[in-house]
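Biologist: I am new to reading protein models, and I would like some help. Could you show me the structure and walk me through it?

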Amino acid sequence: MNFIVLTIFPQMFDAFWDHGIIKRAIDQHLITATALNIRDFASGKHRVTDDRPYGGGCGMVMKPEPLVGALRAAQKKLPGAKTVLLTPQGRVFNQSTAREFREYDGLVLVCGRYEGVDERVCQSVIDFEISTGDYILTGGELPAMVIIDAVTRLIPGALGAEDSAEKDSFSDGLLEHAQYTRPQEFEGQAVPSVLLSGNHQEIEKWRLESSLIRTFLKRRDLLEDKRLNNQEIDILSKWCSDIDKIIRAQSSRGTGSLPGAQ
Ligand code: 4GY
């Protein structure tokens, strides 16, 4: 995968390219990553990249010529790359979008600044408008990093040998199970004993239960959207009947507090 970012602040990416999984992916030639300065494609002594909006009003708009100049240069380096504009008006990015983008050979990520980009640029040279979420930032640089990060870790080999992106949260539509490391007891709280048992079948079952309950408690919307397999249905059914037993035990105490009870 090849990434080119178009930005007026290319130095923002220096630290990003230089750390962790992204750095290793670059070193291992799994990805290439460059930030091009849009200002280098601006003309005139002052290399201006913005101008006043037609129709008046406050703020500035990104001029089309430098941006399109930078885009043409990027497309020359990466023929066939898809162009992505980062904007709150775009389709909201999620793990499925990351999987979709992983299939492309190249991505050119366009970072808006000021009040936005001249509309004619969006219309003519942008393949996808993408938003990382419903909030307004000062520029598209952080969203560009978010997309590069999420896509890179899906590239085979990027996470290292035993780590698999397919085992993560969202790959099966569930949140990740609870995690523990040493010490065995921390501030009076013990690690669940099943994780110390060495029984891998029991551990896997516990982890699936943990994933299911966490998804139910924290992100019920994900569970409602998910196609459950038989084992998952069995686990949820068991909870239902356990809770049901607790509730029914109340009615025999004569509290009369059950809905529908006389
Ligand atoms: N949210 N998702 C976002 C953003 C900043 C003014 C257009 C977002 O992707 N980008 O907030 N971007 C704005 C700043 C110009 C981009």
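**Reading the model step by step**

Modeller: Gladly! Let's begin with a residue on the outside: His-29 counts as exposed, because its relative accessibility is 72% and the cut-off for exposed is over 50%. Please remember that this is a predicted model.

Biologist: Where along the chain is His-29 found?

Modeller: His-29 is in the loop that runs between helix H2 (20–27) and strand E2 (32–37).

Biologist: What should I look for in its backbone angles?

Modeller: Here is the general idea: most residues other than glycine have a negative phi. His-29 is not a glycine, yet its phi is positive, near 60 degrees. Arg-47 also has a positive phi, about 50 degrees, although it is not a glycine.

Biologist: Is Arg-47 buried, exposed or partly exposed?

Modeller: Arg-47 is partly exposed, because its relative accessible area is 38%, and partly exposed covers the range between the 20% and 50% cut-offs. Arg-47 sits in the loop between E2 and strand E3 (50–51). His-46 has its place in the loop between E2 and E3 too. At 60% relative accessibility, His-46 counts as exposed.

Biologist: How far is His-46 from Gln-250 in space?

Modeller: Their C-alpha atoms are separated by 78 Å, and the two residues are 204 residues apart along the chain. For another pair, take Ala-81 and Ala-70: they are 11 residues apart in sequence and 14 Å apart in space, from C-alpha to C-alpha.

Biologist: Is Ala-81 buried or exposed?

Modeller: Ala-81 is buried, because its relative accessible area is 9% and buried means under 20%. Ala-81 lies in the loop between helix H3 (64–77) and E5.

Biologist: What does a residue with a relative accessible area of 0% count as?

Modeller: Ile-147 is such a case, and with a relative accessible area of 0% it counts as buried. Ile-147 belongs to helix H6 (residues 141–152). The C-alpha atom of Ile-147 is 38 Å from that of Trp-239, with their positions 92 residues apart along the chain.

Biologist: And how do I read a peptide bond?

Modeller: In general, most peptide bonds are trans. In this model, the bond that joins Arg-182 and Pro-183 is cis, with an omega of about 5 degrees. Pro-183 is in the loop between H6 and strand E8 (185–186).

Biologist: Now for the ligand. Which residues are closest to it?

Modeller: A good way to start is to list the neighbours, then look at single atoms. The ligand is surrounded by 16 residues, and the closest are Tyr-114, Thr-132, Gly-133, Tyr-135 and Leu-137. A nitrogen atom of the ligand lies 3.0 Å from a backbone N or O atom of Thr-132. A polar backbone atom of Tyr-135 is 2.9 Å from a nitrogen atom of the ligand. At Leu-137, a polar backbone atom is 2.8 Å from an oxygen atom of the ligand.

Biologist: How much of the ligand does the protein bury?

Modeller: The ligand taken alone exposes 390 Å², and the protein buries 94% of that. The space that the ligand takes is the largest pocket.

Biologist: Which strands supply at least two residues of the shell around the ligand?

Modeller: Strand E5 (82–92) and strand E7 (128–131) each do so. E5 gives the most, with three residues. Sorted by class, the shell has eight nonpolar, six polar and two charged residues.

How values were computed. Residues are numbered from 1 along each chain as its sequence is written. This is a predicted model: local features need pLDDT of at least 70, side-chain atom pairs count only at pLDDT 80 or more; totals for chains, interfaces and linings use all residues. Side-chain values use heavy atoms; hydrogens and water are left out. A residue is near a molecule or strand if one of its heavy atoms lies within 4 Å of it. A polar contact is a pair of N or O atoms within 3.5 Å; within protein, one must be able to donate a hydrogen and the other to accept it, and residues adjacent in sequence count only if both atoms are side-chain atoms. Accessible areas come from the Shrake-Rupley method with a 1.4 Å probe; for residues, only the protein chains shown count as cover. On a 1 Å grid over the protein atoms alone, a cavity is a set of points where a 1.4 Å probe fits but cannot get out, and a pocket is an open set with protein on both sides within 12 Å along at least five of seven lines; lining residues have an atom within 4 Å of a point. A molecule sits in a cavity or pocket if more than half of its atoms lie within 2 Å of its grid points. Helices (H or I, at least four residues) and strands (E, at least two) are DSSP runs, numbered from the N terminus. Ala, Val, Leu, Ile, Met, Phe, Trp, Tyr, Cys and Pro count as nonpolar, Asp, Glu, Lys and Arg as charged, and the others, Gly among them, as polar. Buried means under 20% relative accessible area, exposed over 50%, partly exposed in between (1.4 Å probe, protein chains only).
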